[in-house]
Every structure is written in C-alpha cells, then in structure tokens.
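Trainee: I am new to this structure and should be grateful for a close look at a single part of it, namely how strands are set beside one another in one sheet. Please then show how that part relates to the rest.

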Amino acid sequence: MVFDVQNETMPRDELESLQLKRLKYLAGKVYHNVPFYKQKFDEMGIKPESIKSISDLKNLPFTEKQDLRNNYPFGLFAVPRESVVRVHVSSGTTGKATVVGYTQRDVDNWARLMARSFESCGVNSTDIVHNAYGYGLFTGGLGAHYGAEVLGATILPVSGGATKRQVMLMKDFGPTVLCCTPSYALHLYETALANGISMEDLKLRVGIFGAEPWTEEMRQDIQNKLRLKALDIYGLSEIMGPGVGIECIAAQDGLHIWEDHFLMEIIDPETGESLPPGEKGELVITTLTKEAQPLIRYRTRDITRINPIPCRCGRTHYRIERITGRSDDMLIIRGVNVFPSQIESILLETEGLSPHYQLIIDRKGSMDILEVQVEVDEKLFSDEIKHLQNMEKKIMSHIKEFLGVTAKITMVEPKTIARSEGKAKRIIDRRNV
Amino acid sequence: MKVEQISIFLENRAGRLADVTRTLSEAGVNIRALSLADTTDFGILRLIVTDHEKAKQALKENGFTVGRTNVVAAEVQDKPGGLHSILSMLSENGINVEYMYAFVQQSGKNAVLIFRFDRTDEAIETLQKHGIRIIPGNELYNI
C-alpha cells in the first residue's frame, strides 16, 4: 500500500517542477538566513535568482561534514534557535560532533516520511513494531518511533542492548515488524535460539534494517533465519535521519529516495563533476523542505547509482542501489560511524602511546568486532602485567566514551604493524560487505 | 644492593621466546634466572643475565621492546619454611611483593629469591635487619 498516494506516485514532470520550485525557494532562504551559504554563494558569484532549472544545481556549492563541524553547534541553523524543537547529534568525536536541528514542521515531515517508508515495506496500522534502534542523540530510534506512530502501528520503543530481554519481549508481545541494524537482527536470532526461543514462537514478518552496510547474501541469510522479509532503509542524520530512502516490498530491489523532499545527484568523488543517471558515484543530497537546517548539495560519501527505471510498486520516485561503499575512510561498526582519525586522536591523547596503531574490523558470527592494535614501545612498556592491562582498559574506555563503540585493545610488538612505503596500513576490514 | 633485571614484551605467538634466546645466545649472554608472565595476548619475559647492557642492546637491535627494572635478590636456606620466613617478615612490615621468582643454585644449599617490591629500599632495609643476605648485582651476574 502507499501512504501518501498523491506525492509518492506523482508523475515525473510534476515531481520535477515541484523540486525546482522548492529548490529556488531554498536557495533564497539559505542565502538570506545562513551566513555560511551567503559567503559561499558570494565567493562563487551565484545569486539565488540565477537558478532557472534543476540543472543549475550543479553551479551551487557543496556542503561537507566538515562544514557542519566548523559551524558547531548551531551555526548552520536557518531559523532562530527558539524555532528549533529538537536537536540530534551524529557520530560523537573527541571534540566536534555533527549537530542537526529540526523545527516542528521538520519533525512532522520526518515522521510522515518514515510512515511512508513503513508502508512501503508492507507495514500498516495493525502491526506491532519492535524498534531496537538506539534512542537518544542518535536519529535511528526516535526517527522510526514517530513514523510508526503516524502510521498508527503499535510501537515498542525497545532501543539497543539487553538482547536477552529483547527476545523475551519478542516472544511475549509478538511484534510483527523488527527495526534494527542487520547485524543486530542476526544477534537477536542467535540469542533467541540460545534461550530456547524458536522463530515459530515469534510473529515477525517484516524487518527494516539499516545504519550499516550489508550485502544481498546477508539479506538472504537474515530472511532464511528470521523468516521475514528483510528490507533496506537509508538515512543519515545530517539530511534527516532514517527514512530518506526505503526499499519497497513489491520489488525489494533498490531504495526509493523521497524526491519531493530530497534532491539527489551522483557525482565523481574525485572531481566533483555530476554523473549521468546509471553511473556509479557519490550520492549528493539537497534537502528541499528542511526548515531548521537545510543543506545544499551535501556530500554523503556513500557510493551508489541511481536507477531511473519505473518501479512495479507504482512509486515514481527513483531508486538508488544498495550502498556499496564510501568515498572516505569512515567505518560503520555495529551501526556507529567511526572515522580512523577519531581513534587516532584518542590514542595520541593517551600518554605513552606510540603513533603506530592498526584497526582490524571483522565480523564474528553476526557482530562487528573492532580491534585496535597498539604498538608497545619503551615508553609504554612496563615489567608489570597490570600496568599494560590498565593501559588497555584506559584506551578501551576512552574509545567507548567518545565514540560509543566497544573495541578490543591488543598490545603488539613494535614494527609488527605493516608499513607500506613508510606509511602504516591503518585499516584492515575483513568483513565481506 | 639492587639487581638489574631486563624485561621484554612478547606477543603470544609461536617462536617469539626462541627469538629472544637466539638473540642472547648469539650475543654471548648467559641467562641467570628468568620468569615469564602471560596474558591471553602478550607476555612479559623477565631476565637476569650475565651482561644486561649487552643483552639489552642486542635485543633492541632485533626489534624487541626492552625495559629495565631494579629487583632484589635475597638468599635463603633451601629447606622447608625458607621462603615462608621471608614472606612473613615482609608481610608484618606491610611490604607488598609485586612479583617474585626463585632459583636454586645447588640442591640442599641456598636458594635465591628475586623480588620486585613497590618500596624497594624499605624492603631491603627490613630484610637486612632480620639478617637476610641480599646478593649484590655483580655477584649474582657472575655466579
């Protein structure tokens, strides 16, 4: 079923003229309300009135994650702070996080787009939704939460953690829809089996999984094990949160991006040039309707391609392929965004650590494991085991505190971390995604 | 009165201990006493050798992380209760042993106990006051 028939099945020509109308309004709005954009436009000699067609988008400046950090915390707001009803924060760093503000209308739009997304996955008001995305500054939990409420489904705001209790609730409450990361879905499955709960005891029929990369093979695995239809959801907090794009249960082949709210482009990440439909490159999104913190040409760093072929579900909004990579070195570990530079700065701030480290990411069973290998030099070394173990604990708790992921710290001998052309190879990702 | 001990960081992988002994053997350094402490991922090898300067240099040249610590060598009679008498006098004086290991020079004669204390000077004073012989470094290296 379709939640918002008029907007989701709007003919392409109407959709594109709506996009142009919104883009023109947006350009004027950011130019006059956000000093960052006024400066950028002026530097490039662009006036908001010069936008005549969607193809003029390519003349506008990009926005990078670093721009959000540079304007931390509220510098990119296009409305007075008093009009902002909620703030979310993405990927905590040692200093600057990425802050996103929402007006009441932004929050309402988000809930409606999530409701569209749920319905696109075959969810309706009779469903019970087990929402294991984290609640809090992270957008996942609350994003899915309000969308399910708008749809009229019964939401269980379970959040992350306490997996054993989660499977008990799943048995007792009989949720029909599961929202979490794909790796956590498998972890729930294993925990259920270990506690004597079989999938026949549960009523799950749809799983909406996102916030980390996964493969078609993993989808098949999840569908076979959990006995549900597994669908991919796309979102990022800078743009809104979950529900920027969603697969439909009719095709289960690529994610519809809600184009009446998000204008998408694919660019060559090296040159910044726009690529024609069908070419693979970096996804760039302009938020057409955001009030509190609209972004022009935000570089998501996610690699995908646009599929302009009409979808059998009847929605006219184009699809993107499953995200196949990143154009930067960001890692996604159990749904948490981690940049190697963040770990590096934590290590360098820890007294006695050499700058030689290596990150090894692996998937054991269904869970991502992050191992941080640190070389032990003479400054760090002690003849007492407890000193070295205390150092391991200290690094572990710093990483947990700043980045929100649990890492295993391993002390290694000097020079064991491979150095290629004098530079150390910092990241080994053994996950097959 | 203190003895120089060298300690070496070792990853838990096959052959690493042999790499240390090969390095020492090639450098012509003899091992007097040793102890190996281990965790799941790494170990610390503690050694008292005939020539710690030479040993340290050879090990560093071969890429090992080497540390140096002062430990105390005490002599006790090699008979039941020998170790206990020392440990109880330390305990009565509130001196904590971080770690220790021991070796016997010749059965039935004297045993040598190597101690790492948190308060080394105080420990030496206590032991000497109770008539325990502390073996000086030079003597131990050349036993």
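Mentor: Two strands are said to pair if DSSP finds at least two bridges between them. With that in mind, please remember throughout that the model is predicted.

The part I propose is strand β3 of chain B, which covers residues 42-49. Is this strand mostly covered or mostly open? It is mostly covered, as seven of its eight residues are buried. Two other strands pair with β3(B). On the one hand, β1(B) pairs with β3(B) in the antiparallel sense, over six bridges. Within β3(B), B:I44 is the residue that stands opposite B:F9. On the other hand, β2(B) is also antiparallel to β3(B), and here the pairing extends over seven bridges. One point to find in the view is B:L34, whose bridge partner in β3(B) is B:L47. The link between β2(B) and β3(B) is a hairpin of three residues. In general, the strands of a sheet pair through backbone hydrogen bonds, either parallel or antiparallel.

The next step is to place these strands within their chain. Chain B is divided into domain 1, residues 3-69, and domain 2, residues 70-141. The centres of these two domains of chain B, taken over C-alpha atoms, are separated by 23 Å. Where the domains touch, 10 residues of domain 1 of chain B are in contact with 12 residues of domain 2 of chain B. On the domain 1 side of this contact in chain B, β1 (3-11) and β2 (31-38) each supply at least two residues. The largest share of that side comes from β2(B), with four residues. By class, the side of domain 1 of chain B that touches domain 2 of chain B divides into four nonpolar, four polar and two charged residues. The two partners of β3(B) thus appear again here: β1(B) and β2(B) both contribute to the side of domain 1 that touches domain 2 of chain B.

Chain B also touches chain A. The contact takes 14 residues from chain B and 16 residues from chain A. On the chain A side, the elements that give two or more residues are α11 and β19 of chain A. Of these, β19(A) provides the largest share, three residues. The residues on the side of chain A that touches chain B divide into six nonpolar, four polar and six charged.

That contact leads to a second sheet, this one in chain A. It is an open sheet of four strands in the order β19-β18-β17-β22 (chain A), and its pairing is mixed. Its edge strands are β19 (407-412) and β22 (427-429) of chain A, each of which pairs on one side only. On average, neighbouring strands of this sheet are turned by 20 degrees against each other, direction ignored. As for the pairing of β22(A) with strand β17 of chain A, residues 357-364, the sense is parallel and there are three bridges. Among the positions concerned, A:I361 has A:D429 in β22(A) as its bridge partner. Helix α11 of chain A, residues 385-403, lies across β18 (367-375) and β19 of chain A, and runs at about 145 degrees to β19(A).

What lies in the interior? The largest nonpolar core has 86 residues, of which A:C179 and A:A185 touch the most other members. Apart from residues up to four places away in sequence, A:A185 touches A:L178, A:C180, A:G207, A:F209, A:I222 and A:L226. A second, separate core of 58 residues includes residues from both chains, among them A:L359, B:I6, B:L59 and B:L127. In soluble globular proteins, nonpolar side chains tend to be buried together.

To close, consider how a single residue is judged, with A:L283 in strand β11 (280-287) of chain A as the example. Why does A:L283 count as buried? It does so because 29 C-beta neighbours lie inside 10 Å, whereas 20 or more are enough for a residue to be called buried. Leaving aside neighbours within four places in sequence, the contacts of A:L283 are A:M264, A:I266, A:T300, A:D302, A:T304 and A:I320. The C-alpha atoms of A:L283 and A:S327 are separated by 9.8 Å, although the two residues are 44 residues apart along the chain.

Notes
Residues are numbered from 1 along each chain as its sequence is written. Chains are lettered from A and ligands numbered from 1 in the order in which they are written. This is a predicted model: local features need pLDDT of at least 70, side-chain atom pairs count only at pLDDT 80 or more; totals for chains, interfaces and linings use all residues. Domain bounds come from an automatic or database domain assignment. Two residues are in contact if their C-beta atoms, placed from the backbone, lie within 7 Å. Ala, Val, Leu, Ile, Met, Phe, Trp, Tyr, Cys and Pro count as nonpolar, Asp, Glu, Lys and Arg as charged, and the others, Gly among them, as polar. Axes are lines fitted to C-alpha atoms, for helices over the stretch in contact, and angles run from 0 to 180 degrees between N-to-C directions. A nonpolar core is a set of buried Ala, Val, Leu, Ile, Met, Phe, Trp, Tyr and Cys residues joined through C-beta atoms within 7 Å. A residue is buried if 20 or more other C-beta atoms lie within 10 Å of its own, exposed if 12 or fewer, and partly exposed in between; C-beta atoms are placed from the backbone.
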